[in-house]
Amino acid sequence: MADTLFGYAGKILEVDLTTHSSKTIEVTPEFAKKWLGGVGFGAYFLWNRVKAGADPLGPDNLLMFMTGPMTGTGSSGTRWNAIFKSPHTGAWARTAQGGDIGPELKYAGWDGIVITGKSDSPVYLYINNNRVQFKDARHLWGKDTHETPQLIEEELKDKLVKVACIGPAGENKVTYAMISTEYFRAFGRLGGGAVMGSKNLKAVAIRGTGEVKVADLDAYWKLVEQQRAALLSPANFWFRRWGTQTYNEWLNDVTQLGYKNFQEAWLDPDKFKTFSGQYLEKTSQLSRRACIGCANRCSTVGVVRTGPHAGLVDEIDYEGIANVGSGCGHYDFRTFMPVEEAIERLGFDLISGGKVISFASELYQRGILTKADLGGIDLTWGNTDAQIALLELIASRKGIGDTLAVGTRKAAQKIGKDSEQYAMVAALGNEISGSDPRSSGAFINTAYLAGERGSCHNAPAGTWDAPDAVRQDKMTLFDSLVVCLFVSVDGWGSGSPINPDYLAMLNAATGWNIDEAEFYKIGERIANVEHAFNIREGFRRKDWEYVPPRMYEPLPTGPNAGDALTPELLKSYFDGLYTLRGWDVATGVPTRAKLEALDLKDVADALKV
Ligand code: SF4
């Protein structure tokens, strides 16, 4: 059994868009045990195949979609990842995505797709089990992320085909364009949509009718049932009822709900009453949705029932509420949902897209950008139609839209007038997500600094006083298995006592017998290769150790008014984290001893450490 590859499809599809050809990469047991899957597989290929300094929007960049050994096995919360070099930051990028499409790839017989080159005209890739076709997509170019899958379903005469696609933002290489799947789900962060657009790849359509075999189905299913019972327990009631909106009220209470580009982080109760999970449930909730087989069923689909946007349907989660909602001056679901829907339909990352609107709105508030600069748009806070009009300019790169299509930091550098202070970016120049990290009650703060994809709400690595490298490795393991963080061991932020024992699941699925030390070593290995990729690109500790000047100013309102970050807090945090990591504390460059201990001598040689 040891040499049989259970839990995997056993092969990766490699696609060259320049020649419209494909081939198969075998996944050997040795390769699977060393890199696990998901971002682990992505780390191996990105490190080995994308040379330092490669243009993220050039044909040599790789766009990869990777599943893991848990994907499609029937447990709750299995998904897939996209991995590429980011056109937004120039650094390593990974982004996870739920729904049904990741498992579909595995059912089609593939553990992942490695895409290289550039097609000379728009195409979409159609993977129907073992058959791979390059289909003309010229008629789809310009279509949004809701029209595109419908047209592909009609063309293929298959309502069950799963589609990942880009909208106009990706086609026009907006550096924070996302890849959309199943209408409301996304590979959101860091510009995967722009990489896809640069390759003239409009969509990937997948149909799979196979199965994923696990080694010990009885043992595996026992763990699946335990996990399901935990997710359905009373302790998880609120998360199942409201999903991430469970956090709105709590985050407002701890002064963490970013408001108007983090000028505040608290809405007074009078305003907040139209922005709570209860209010959404009463006024706008249409249905609840789950990713394939997930007992958590955490997604809320809402509908605008009154006003000029009546009938508009949108899926709502906390990051949308905080980045596009309160972040852009809204405090009512009915005014913010149309903006969020436009972000998704045009194909922007929700977080960076929201932050670009709030950045431009603050410049407008301060007179740095005028109505004339904005092509006549009155970008007052919470102005739904103005925000949608601005998004359309950005997606088509017209007027001010071209300036804003590269994210807040680079846009500020073009605009000048000291506007960089209003660009809410942290590590590696990536926009901070919806939560203000200043509050002492905040649970997201170190995540904005320590992650390899730059500022990231999904990469917490301990607290300011207690850095935690193992926590980072754990997150890397989740993204390699590939499982949803809301269902995971010691689940970040879910507030539920879920402990499904993923190591036992891995061993039952694969027939391996790896122990906890080996498991964590795999996570640390992958995390070190991600970091080495960024170091090889020229990033150093100072590029992570950054927050906007506003974060050193005291929170002006709310229960934790007065709280602020300090440079000393950041310095002691990084000193501690890099010491734990075994990296050079001054620069963040990994040491040879650490890399060799992780079986990464080739990486140490390449970095010349
Ligand atoms: S917890 Fe929510 S996002 Fe995660 S897999 Fe389940 S339904 Fe999807």
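Strand 3 (residues 63–66) and strand 6 (residues 112–116) are joined by four bridges and run antiparallel, and in this predicted model Met66 of strand 3 stands opposite Gly112 in strand 6. Strand 3 is also joined by four bridges to strand 4 (residues 80–85), again with the two strands running antiparallel, and Met64 has Ile83 as its bridge partner in strand 4. The side chains of strand 3 alternate, with Leu63 and Phe65 pointing one way and Met64 and Met66 the other way, and all of these residues are buried.

These pairings belong to an open sheet of six strands, arranged in the order 2-1-6-3-4-5 with mixed pairing. Strand 2 (21–26) and strand 5 (92–97) stand at its edges, and each has a single partner strand, so one side of each is left without a neighbour in the sheet. Neighbouring strands of this sheet are turned against each other by 20° on average when direction is ignored.

A further open sheet of six strands has the order 8-7-12-9-10-11, and its pairing is mixed. Its edges are formed by strand 8 (131–136) and strand 11 (185–187), each of which has a single partner strand, so one side of each lacks a neighbour in the sheet. The twist from one strand to the next averages 20° in this sheet.

Within that order, strand 12 (residues 201–207) is mostly covered, since six of its seven residues are buried. Strand 7 (residues 123–128) is joined to strand 12 by six bridges, and the two run parallel; here Tyr126 stands opposite Ala205 in strand 12. Strand 9 (residues 162–165) pairs with strand 12 in the antiparallel sense over four bridges, with Lys162 standing opposite Ile206 in strand 12. Strand 9 also pairs with strand 10 (residues 179–181), in the antiparallel sense and over two bridges, and Ala164 has Thr181 of strand 10 as its bridge partner.

The helix contacts can be set out in the same way. Two packed helices are described by the angle between their axes and the distance between the axes, and the table gives both values for two pairs that involve helix 13.

| Helix pair | Angle between axes | Axis distance |
|---|---|---|
| Helix 13 (residues 333–346) and helix 15 (residues 384–396) | about 10° | 9 Å |
| Helix 12 (residues 318–325) and helix 13 | roughly 105° | within 10 Å |

Helix 13 and helix 15 are therefore roughly parallel to each other. On the side of helix 13 the contact is made by Thr335, Pro338, Val339, Ala342, Ile343 and Leu346, and on the side of helix 15 by Thr384, Gln387, Ile388, Leu391, Glu392 and Ala395. Sorted by class, the contact of helix 13 with helix 15 holds eight nonpolar, three polar and one charged residues.

The axes of helix 12 and helix 13, by contrast, cross at roughly 105°, which makes helix 12 roughly perpendicular to helix 13. In this contact Gly320, Val324 and Gly325 of helix 12 meet Phe336, Val339, Glu340 and Ile343 of helix 13, and the classes are four nonpolar, two polar and one charged residues. Val339 and Ile343 of helix 13 thus appear in the contact with helix 15 and also in the contact with helix 12.

The model also contains a ligand, which is surrounded by Gly77, Gly98, Ala290, Cys291, Cys294, Asn296, Arg297, Cys298, Ser299, Cys484, Phe486 and Val487. The residues of this shell divide into seven nonpolar, four polar and one charged. Among the surrounding residues are Cys291, Cys294, Cys298 and Cys484.

One loop position completes the description. Gln263 lies in the loop between helix 9 (246–253) and helix 10 (269–272). Gln263 is partly exposed, because 18 other C-beta atoms lie within 10 Å, a count that falls between the limit of 12 or fewer for an exposed residue and that of 20 or more for a buried one. Gln263 and Asn252 are separated by eleven residues in sequence and by 14 Å in space, taken from C-alpha to C-alpha.

Technical notes: Residues numbered from 1 in each chain as written. Predicted model: local features only at pLDDT ≥ 70, side-chain atom pairs only at ≥ 80, totals over all residues. Axes fitted to C-alpha atoms, helices over the stretch in contact; angles between N-to-C directions. Parallel < 35°, antiparallel > 145°, perpendicular 65-115°, else oblique. Contact = placed C-beta atoms within 7 Å. Nonpolar A, V, L, I, M, F, W, Y, C, P; charged D, E, K, R; others polar. Near = placed C-beta within 6 Å. Pairing = 2+ DSSP bridges.
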